[in-house]
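Hi,

Here is the structure I said I would pass on to you. Have a look at it first, and then read my notes below.

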Amino acid sequence: IARKDLSDVVYKTTTAKYKAIADHVKELQKKGQPVLIGTISIEKNEVLSHYLNQAGVKHEVLNAKNHEREGSIIAQAGRIGSVTVATNMAGRGVDIVLGGNPFSEEESKKVKELGGLNVIGTERHDARRIDNQLRGRSGRQGDPGESRFYLSLEDDLMRIFGGDRIKNLMESLDVPEDIPIESKMVSRAVSQAQARVEGFGFDARKHLLEYDDILNKQRLAIYEKREELLKDKSHPQILMALDTFWMNHLEAMEALRESVRLRAYSQKDPLVEYRRESHFLFKQLLSDFDKWVEQNKSRIEQLSNSPQPVINKSVNNYFKDKKVGRNDTCPCGSGKKYKKCHGS
């Protein structure tokens, strides 16, 4: 591989990092070397694009707004003077041809003389595999190329693993915001951080069935309670309330599953934390439901004793004669919206 993989450079702030990237890309574009900039999200694409515009760098942004052109944009990322901003995952499987597509021997030669495709990473991904895929967009089939990651101490990965220690070092040495640290030690520390994150991710996948088992036990308990309510011929309002509490509980459980993974960083077992807190959440669900039933007891009794609405037998003829809007009250007399009643 003729590609040069340069050491990471680390800035104090995200703003300083983006300004440094914009200034560097401006210099590369001036000499004609094509640049591919990889970000970790579409949101970061937009932010970086703003800084490039401020620096007067003409560029293409690959995001959800033009995903249908993804392949063609990435294919042209090797043209002289082109600057392409894309997420790290964008355009996988599409080769970047030096000089552009269709292939031109003369254009390709010029780009190679300029150093080939220059790949810039704006942040380290949790998985080293994604970073390596981004680097691998340059230096294909023996072509020259260059790659470098620009990091800041405010990046997620840096904040979680040792960013404060490096920040304190920079502040004690009175390093200005626009002066980066370039060190193999920093790159190694970031790689170790990624390895730890990947380890946590593996553990999370390994325990996936155990997480599901906890939720399934709660689901069975709710189904049993629902069956009891049906046997007791409880009012539909009570069943609807139980369903609503259960759906809210599922959202809370999903949020809990995401949050407990981060607790592994503080040496806590995510599965134990999930099991313990899910138990409290389920007890809270049952308690809230019982309170709701108690508070609405008299109203439900009134509903049970009140006469049921008479369904208009000629309702089908009414629908034929007149168009009913989905959000209009259903003419059958149920009091429900049409889309929730005869329009469902």
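Two strands count as paired here if DSSP finds at least two bridges between them. Keep in mind as you read that this is a predicted model.

With that in hand, start at strand S3, residues 35–39. In this strand, Ile-37 has Ile-120 of S6 as its bridge partner. S3 and strand S6 (residues 117–121) run parallel and are joined by 4 bridges. Strand S5 (residues 83–87) also runs parallel to S3, with 5 bridges between them. One of the residues involved is Leu-36, whose bridge partner in S5 is Thr-84.

Is S3 enclosed or open? 5 of its 5 residues are buried, so the strand is largely enclosed by the rest of the structure. Both of its faces are covered: Val-35, Ile-37 and Thr-39 are buried on one side, and Leu-36 and Gly-38 are buried on the other.

Thr-39 also leads us to a helix. Its side chain makes a polar contact of 2.4 Å with the side chain of Asn-45, and Asn-45 is found in helix H2, residues 42–54. Why does Asn-45 count as buried? Its relative accessibility is 0%, and the cut-off for buried is under 20%.

For contrast, go to Ala-2, in the segment before strand S1 (3–5). Its relative accessibility is 42%, so Ala-2 counts as partly exposed. Leaving aside neighbours within four places in sequence, Ala-2 is in contact with Gly-142, Asp-143, Pro-144 and Gly-145. Gly-115 is 113 residues from Ala-2 along the chain, and the C-alpha atoms of these two are separated by 9.9 Å.

Next, the aromatic rings. A search of the whole structure turns up 4 aromatic pairs. In one of them, the rings of Tyr-11 and Tyr-150 have centres 6.4 Å apart and planes at 5 degrees, so they are stacked. This pair links distant parts of the chain, as Tyr-11 is in strand S2 (residues 9–11) and Tyr-150 is in strand S7 (residues 145–152), 139 residues apart. Tyr-11 is buried at 7% relative accessible area, and Tyr-150 is buried at 6%.

Tyr-211 and Tyr-274 make an edge-to-face pair, with 4.7 Å from centre to centre and 85 degrees between the planes. This one also links distant parts of the chain: Tyr-211 is in helix H9 and Tyr-274 in helix H11, 63 residues apart. Both tyrosines, Tyr-211 and Tyr-274, are buried.

Some rings have a charge over them too. The charged end of Arg-124 sits over the ring of Phe-149, 4.7 Å from its centre. Lys-17 lies over the face of Tyr-18, at 5.1 Å from the ring centre.

Last comes H11 itself, with 26 residues (270–295). How far should H11 span? At 1.5 Å a residue the answer is 38 Å, and the end C-alpha atoms are 37 Å apart, which agrees. Besides Tyr-274, the buried residues of H11 include Ser-278, Phe-282, Leu-285, Phe-289 and Trp-292. An α-helix has 3.6 residues a turn, so residues three or four places apart point the same way. What covers the buried residues of H11? The cover includes helix H9 (208–231), helix H10 (236–262) and helix H12 (297–305).

Cheers

Key. Residues are numbered from 1 along each chain as its sequence is written. This is a predicted model: local features need pLDDT of at least 70, side-chain atom pairs count only at pLDDT 80 or more; totals for chains, interfaces and linings use all residues. Side-chain values use heavy atoms; hydrogens and water are left out. Helices (H or I, at least four residues) and strands (E, at least two) are DSSP runs, numbered from the N terminus. The expected span of a helix is 1.5 Å times one less than its number of residues. Buried means under 20% relative accessible area, exposed over 50%, partly exposed in between (1.4 Å probe, protein chains only). Contact means heavy atoms within 4.5 Å. A polar contact is a pair of N or O atoms within 3.5 Å; within protein, one must be able to donate a hydrogen and the other to accept it, and residues adjacent in sequence count only if both atoms are side-chain atoms. Rings of Phe, Tyr and Trp (its six-membered ring) pair if their centres lie within 6.5 Å; planes under 30 degrees apart count as stacked, over 60 as edge-to-face and the rest as tilted. A charge sits over a ring if NZ of Lys or CZ of Arg is within 6 Å of the ring centre and within 35 degrees of the ring normal.
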